[in-house]
Amino acid sequence: MTRMTPFSSPLLLGFDSMEKTLERIAKSGDGYPPYNIERIRSADECEQLRIVLAVAGFANDDLEVTTEDNQLVIRGRQADEGEREYLHRGIAARQFQRIFVLADGMRVSAATLKNGLLSIDLDRPEPERLVKRINIAVED
C-alpha cells in the first residue's frame with residue numbers, strides 16, 4: 001500500500017526535502033522551553049516576526065542560536081553544579097534544542113536575552129518580482 005502525502009502530486013517538483021522536514025517536526029513533541037511567536041507591525045512592507053522563548057536560569061553563555069540551511073536552531077545547555085546538596089530539587093539543569101523551519105528569504109535580524117526571555121527577531125524583505133522569458137529551441 002502506498003502512502004499519499006501532500007507533496008505526492010506530479011505538479012509539485014523538488015519538494016522532497018520539505019516533506020522530510022515536516023515529518024521531523026511532527027515527531028518532535030517536547031514542549032520545553034515554552035515559546036511565543038508574534039507578528040510585528042512595521043511601517044515598511046517587510047514581514048517581521050519575533051520568537052520569544054522562556055529560558056529562565058540560562059545565561060548568555062548557555063544559549064546558542066544558529067541557522068542551518070533553512071532552519072533556526074536554538075540550543076540551551078546548563079552545567080549541573082555538583083557541589084550543592086538539595087533538600088528539594090524542582091528546577092533541573094535541563095538541555096534543550098528547539099528547531100523552527102524558516103521560509104525562503106527569512107533571516108534572523110537580532111537575538112536578545114532579557115529577564116529570562118530569549119527574543120529572536122526575524123524579517124523577510126519583499127522580494128523583487130522577476131519574470132524571465134525562456135527561449136524555445138526549434139529542432140528539425
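A student and a tutor go through the strands and one buried residue of a predicted model.

Tutor: This is a predicted model, where local features need pLDDT of at least 70, side-chain atom pairs count only at pLDDT 80 or more, and totals for chains, interfaces and linings use all residues. Residues are numbered from 1 along each chain as its sequence is written, and side-chain values use heavy atoms, with hydrogens and water left out.

Student: How do you know that β1 and β2 pair?

Tutor: Strands are DSSP runs of E with at least two residues, numbered from the N terminus. Two of them pair if DSSP finds at least two bridges between them. Strand β1 (residues 35-40) and strand β2 (residues 47-54) have six bridges, so the definition is met. Their sense is antiparallel, and Y35 stands opposite L53 in β2.

Student: What makes β2 and β7 a pair?

Tutor: Eight bridges join β2 to β7 (residues 117-124), and the two run antiparallel. At least two bridges are required, so β2 and β7 count as paired. In β7, I120 is the bridge partner of I51, and D123 stands opposite Q48.

Student: Why are β1 and β6 called edge strands?

Tutor: The open sheet has four strands in the order β1-β2-β7-β6, with antiparallel pairing. β1 and β6 (107-114) each have a single partner strand, so one side of each has no neighbour in the sheet. On average, neighbouring strands of this sheet are turned by 20 degrees against each other, direction ignored; the axes are lines fitted to C-alpha atoms, and angles run from 0 to 180 degrees between N-to-C directions.

Student: Which strands are at the edges of the sheet β3-β4-β5?

Tutor: This is an open sheet of three strands with antiparallel pairing. Its edge strands are β3 (63-68) and β5 (96-101), each pairing on one side only. β3 is joined to β4 (residues 71-76) by six bridges, and E68 stands opposite Q71 in β4.

Student: Why is L49 called buried?

Tutor: L49 is found in strand β2. Buried means under 20% relative accessible area, exposed over 50%, and partly exposed in between (1.4 Å probe, protein chains only). L49 has a relative accessible area of 17%, so L49 is buried.

Student: What is L49 in contact with, leaving aside its neighbours within four places in sequence?

Tutor: Contact means heavy atoms within 4.5 Å. The residues in contact with L49 include E38, M106, I120 and L122. L49 and L122 are 73 residues apart along the chain, with their C-alpha atoms separated by 5.1 Å.
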